[in-house]
Amino acid sequence: MQLTVWTYEAPPHVGAMRVAAAMTGVHLVLHAPQGDSYADLVFTMIERRSARPPVSYTSFQARDLGADTGALFQDSCRAVVERFQPQTLLVATTCTAELLQDDPGGLAATLGLTIPVITLDLSSYQRKETWGAHETFERLVRTLAGPGVLGPGAERPPRAAGERPGCNLLGPTALGFRHRDDVREVTRLLDRLGIAVHQVAPLGATPADIAALGRADFNVVMYPEIAAGAARWLERSYRQPATKTVPIGVGATRAFIHEVAGLAGVDPAPGLALLDEGDQPWAAPLRQPWYARSVDSTYLTGKKVFVFGDATHAVAAARVAAHELGFTVVGLGSYTREFGREVRAAAKDFGVEALITDDYLEVEAAVAAATPDLVLGTQMERHIAKRLGLPCAVISAPVHVQDFPARSAPLMGVEGANVLFDTLVHPLMMGLEEHLLDMFREDFEFRPDAAPSHLGTAATPAVATPDPAGAAPGPDRPAPIQPAPSAPPAAATSAGAATLITWATEAERELAKIPFFVRGKARRNTERFAKERGVATITVETLYDAKAHFSR
């Protein structure tokens, strides 16, 4: 374990909570000390759910440790069944309670309950949240759908005549990044192809729905980090094939349409028509393809992007950035170690080395070294980019409340491609506007001490300064505009350097004309250049000499 002020993932019992909170008729009993109920707030405050998750805690205290904590757990289970009357009971321990070495499964089994009781072994000190959700969902599927598995050598019964092909959507949970909206978009896309959605699980499913998963023709694995294990088991037990493509981006959506059409035996043309630009590309459902070919997009071509997040979203965002918008991927990484192989394979295609870590300080160092024009990541990368003065967009969990919008904002399917297009392009375009405002900050219309023309008399008046010839300002002699106050000289020292490096005022002003998203790199290179040559004060000439040196 590692002491840190930030973590990309919570303990695995939070992953179990995400699955339980997504379903109906399921209740999770956690053997936990008082205070571990903090996770409830994540669902009500960030996701803004109307009800607290279906989770109960034994909440033992220090004085209980000298008594029988197992009896306390059993009493909690009885109370939950009596009060909430769930159809299925999940039992587990939090990381703290795991130290007591009580056996929740064995204790619950002695209660003689008439509902299924599923024990979750969450390995709290080796695993984290995403794995906890994956393990919980797979255990639910194995237990509830287990009685109906096909025997060895048995084949799936054919569909009834006239029945539409059907599939299950696997993986969406509570507190998932855009999961609700992705389900709506993928369902709409499948309906256009004539494919029915049999069940969505675990989001919105009941235990009976989980038991009926085997009736569908195939499974759509929306989030492999959560549903891959359950999909593999269903494929072995019910002969249900599963999709391999996650429809994030235009190219992946096209591949997904072909894949599901092949599995269902239907014509892909109705779905592909949504991707067709036709004679009027500006009126097509998709905006990104024609924009990427337009002259307006040349500003974005070759922009360097650093991508970090969960494996599915990070890899998908990198592919969209590189293959659909012409960006250059200079960094790709993920905190989901279980999918490190997939991330490394994708990074190799981009010619970079994958960063597989859950240490945000390591990620920050990698971002600073890569000097990207844009950072795509989680809520943590948003803070990292802000500290480094870089544009950023959030494309993966963990996220805060602003990335759980009340409106629909999917990342999958056709509308998801539009949302992702906006997500990637807007920070850079707004960065261009910010640079232009910064570049013309000396102009009277942008001066805080001058009267901007569009504000008229309501603006702050200009500051008058004495005329060099001694004449006072008057009606025939307007007051000269006072130069904007310059930033104080910056000083930088390096370990072992005896000379203090300072910036001349003129050099600071010249540096400020450089776009903000590369200004930090220019400052560091210039100071390094000055240090190597023993220059104590950086002038405009030094700045341009350094530029010429590093441009070679």
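**A sheet, a helix and a threonine**

Okay, let's begin with two strands: E1, covering residues 26–31, runs parallel to E2, and 3 bridges join them. If you want one to look for, find Leu 28, whose bridge partner in E2 is Val 55. Keep in mind that this is a predicted model.

Now zoom out to the sheet. It's an open one with 4 strands, in the order E2-E1-E3-E4, and the pairing is parallel. Which strands stand at the edges? Those are E2, residues 55–57, and E4, residues 117–119. Each has a single partner strand, so one side of each has no neighbour in the sheet. On average, neighbouring strands here are turned by 25° against each other, ignoring direction.

Next, helix H1, residues 12–22. H1 packs on the sheet and touches E1, E2 and E3, the last of these being residues 88–93. The direction of H1 makes about 160° with that of E1.

Let's move on to a single residue, Thr 173. You'll find it in the loop between strand E5, residues 166–170, and helix H6, residues 179–192. So is Thr 173 buried or exposed? Its relative accessible area is 2%, and under 20% counts as buried, so Thr 173 is buried.

And what does Thr 173 touch, leaving out residues up to four places away in sequence? The list is Arg 18, Val 19, Ala 22, His 179, Pro 202, Leu 203 and Ile 226. With Arg 18 there's a polar contact, side chain to side chain, at 2.9 Å. As for Ile 226, it sits 53 residues from Thr 173 in sequence, while their C-alpha atoms are 8.6 Å apart in space.

Conventions
Residues are numbered from 1 along each chain as its sequence is written. This is a predicted model: local features need pLDDT of at least 70, side-chain atom pairs count only at pLDDT 80 or more; totals for chains, interfaces and linings use all residues. Side-chain values use heavy atoms; hydrogens and water are left out. Two strands pair if DSSP finds at least two bridges between them. Axes are lines fitted to C-alpha atoms, for helices over the stretch in contact, and angles run from 0 to 180 degrees between N-to-C directions. Contact means heavy atoms within 4.5 Å. Buried means under 20% relative accessible area, exposed over 50%, partly exposed in between (1.4 Å probe, protein chains only). A polar contact is a pair of N or O atoms within 3.5 Å; within protein, one must be able to donate a hydrogen and the other to accept it, and residues adjacent in sequence count only if both atoms are side-chain atoms.
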